[in-house]
Amino acid sequence: MTSGSGGTGADYSEKIPNNVDLHEDRRLQRALESWQPNFLSWWESMGPALPTQDVYLRTAVNVGREGWAHFGHVAMRDYRWGIFLAEREPGRRIGFGEHKGEPPWQKVPGEYRSELRRLIVVQGDTEPASVEQQRNLGATAPSLYDLRNLFQVNVEEGRHLWAMVYLLHAYFGRDGREEAQELLRRNSGSEDSPRILGAFNEETPDWLSFFMFTYFTDRDGKYQLGTLKESAFDPLSRTAEFMLKEEAHHMFVGTTGVDRVVERTAQLATEHGADEVAGRGGIPLPVIQKYLNFHYSVSLDLFGGETSTNVANYYTAGLKGRWLEGRRRDDHRLTSDSIMVDALGDDGQIGQTEVAALTGLNTDLRREYIADCETGVKRWNRILADFGLDQRLKLPHVAFNRKVGAFAGIEATPDGERLSDDEWARRNGDWLPTDVDKTHVRSLMRPVRERGKIAAWIAPPRSGINGQPFDYDYVHLA
Ligand code: BYC
């Protein structure tokens, strides 16, 4: 592994691997070293429950374009969680808002301190939350390959927590250190101290949920990190940039995971008929659709309200930009622009309304996200078409099953027709997983731990990890 802290390589001789010259700031180093055992005890008690000897994992060693990761079998508790910022971009300028054109900030400006801290805390809170949600999945992995991918996602979410904790410790003094403690205290689904955002308090009890989560919810992460990468606060921008690199694999796990479930279902449906899929140990397409509906709709909530003064303020201040801000053909200030956002009309009907572009920025980001989600649905439908099947998957309407924003107070069908509360109560089981669906899916989740073998409800992957074959010994169980 790379050693020495010159260039962009990580210094692995230190207790906390990093490329931020941590040893030059003894106070900060000591503060982070005293948080480290708390992190490890959180990992032991809330992280992956399945005991393992070692796992074939990727560890970040460099933030450059080439050769940034090292692959090898490591005991998970010895994983080197480190602090990595992407390289500083010489001559970078703030790209939007009222400070557009000024140099980015290397310190936190006093007037934006609390907003910045809040954004970092919200982002940081999601990372350990997802590890907690996925804690028990190891017990039912469909193959050693999938088990390894789960653990890869888990250790990297742990590293993303480190990324946010570094910012809190390095730039927010005492209250930053307190927030870092709180990130380990809140827990997914806890009655007393739940995680901050809705989707991160939901269960991930089975592998279909895991693949949907990594497809839809991790993809919210991609888009939110994309906006933080634009931030005028340079350390946040550089952290987000490197996190996005790791995030790509998480979405690969989701995309190909759903691919493989759909493929297996399609295979069983062609061989035995659609009605026979469940009987033959597969997951019927209507159940896949319900899981999709659920994970997509709770992920839409993660973008906040259709209109938000918070987001307008974040943008104007330069804290959070738009997705691919540099490619937008406008003035990057948006003070006199407008946008059509999804809204509930005065007549109570689902429609659109025109608002100031700044307050509509959550909608702008959500739309970028929705367009990206469509690409997944297209690829899954191509699999169905290739098998000669007529059924198709589909994203539900933006008003379906929403708990945040313009449609939080109403109910709608996946086609976007308004429903009374009574009708919703009667019919939501047609669109969202019922207890019967969940029990069936869970009953299929029997672990497969033999090299090269795979559970009956999912197709094997096209290839293995890092050039290794599918039947590689990705995980040595304890
Ligand atoms: N649940 O003004 P509004 C990831 C609150 S995922 C509960 O419309 P804003 C990952 C909101 O806080 C990416 N509460 O919201 C994925 C506000 O409260 P206050 C995570 C919610 O601020 C998988 C009020 O409702 N990163 O990385 O414009 C695995 C009014 O809302 C929710 C970020 O989210 C909700 N869903 O936008 C691992 C980036 N939504 O102020 C990791 C940082 C809203 O009235 N966060 N509320 O008390 C943000 O940019 C913004 O805080 C949000 C909300 C986009 C989340």
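Where is the place of glycine 97? In this predicted model, glycine 97 falls in the loop that runs between strand 2, residues 69–74, and helix 2. Glycine 97 has a relative accessible area of 3% and is therefore buried, the limit for that class being under 20%. A contact between distant parts of the sequence is found at this position, since the C-alpha atoms of glycine 97 and tyrosine 315 are 5.7 Å apart in space, although 218 residues separate the two in sequence.

The ligand was examined next. The ligand sits in the largest pocket, and the shell around the ligand comprises 29 residues, of which Arg118, Gln123, Gly305, Ser308 and Lys320 come nearest. When this shell is divided by class, ten residues are nonpolar, twelve are polar and seven are charged. Several helices contribute to the shell, in that helix 2 (113–133), helix 5 (207–228) and helix 8 (309–317) each supply at least two of its residues. The largest share comes from helix 2, which provides seven residues.

Individual polar distances to the ligand can be given for three positions. At glycine 305 the backbone is involved, with one of its N or O atoms lying 2.6 Å from an oxygen atom of the ligand. At serine 308, by contrast, it is a polar side-chain atom that lies 2.6 Å from a ligand oxygen. For threonine 126, an N or O atom of the side chain is placed 3.4 Å from an oxygen atom of the ligand. Taken alone, the ligand exposes an area of 1,100 Å², and 79% of that area is buried by the protein.

Two aspartates with side-chain polar contacts to arginine were also found within helices. Aspartate 125 belongs to helix 2, the helix that also supplies the largest share of the shell around the ligand. The relative accessibility of aspartate 125 is 1%, and because buried means under 20%, this residue counts as buried. Its side chain is joined to that of arginine 195 by a polar contact of 3.0 Å. Aspartate 146 is located in helix 3, which spans residues 144–171, and with a relative accessible area of 2% aspartate 146 is likewise buried. The side chains of aspartate 146 and arginine 260 are joined by a polar contact of 2.9 Å.

The backbone was then considered at two positions outside the helices and strands. Most residues other than glycine have a negative phi. Aspartate 21, however, has a positive phi, near 55 degrees, and is not a glycine; aspartate 21 is found in the segment that precedes helix 1 (26–46). A positive phi, of about 60 degrees, is also present at histidine 332, again a residue other than glycine, and histidine 332 lies in the loop between helix 8 and strand 3 (338–344). As to accessibility, aspartate 21 has a relative accessible area of 28% and is partly exposed, because this value falls between the limits of 20% and 50%. Histidine 332, at 11%, is buried, because its relative accessible area is under 20%.

How values were computed:
Residues are numbered from 1 along each chain as its sequence is written. This is a predicted model: local features need pLDDT of at least 70, side-chain atom pairs count only at pLDDT 80 or more; totals for chains, interfaces and linings use all residues. Side-chain values use heavy atoms; hydrogens and water are left out. A residue is near a molecule or strand if one of its heavy atoms lies within 4 Å of it. A polar contact is a pair of N or O atoms within 3.5 Å; within protein, one must be able to donate a hydrogen and the other to accept it, and residues adjacent in sequence count only if both atoms are side-chain atoms. Accessible areas come from the Shrake-Rupley method with a 1.4 Å probe; for residues, only the protein chains shown count as cover. On a 1 Å grid over the protein atoms alone, a cavity is a set of points where a 1.4 Å probe fits but cannot get out, and a pocket is an open set with protein on both sides within 12 Å along at least five of seven lines; lining residues have an atom within 4 Å of a point. A molecule sits in a cavity or pocket if more than half of its atoms lie within 2 Å of its grid points. Helices (H or I, at least four residues) and strands (E, at least two) are DSSP runs, numbered from the N terminus. Ala, Val, Leu, Ile, Met, Phe, Trp, Tyr, Cys and Pro count as nonpolar, Asp, Glu, Lys and Arg as charged, and the others, Gly among them, as polar. Buried means under 20% relative accessible area, exposed over 50%, partly exposed in between (1.4 Å probe, protein chains only).
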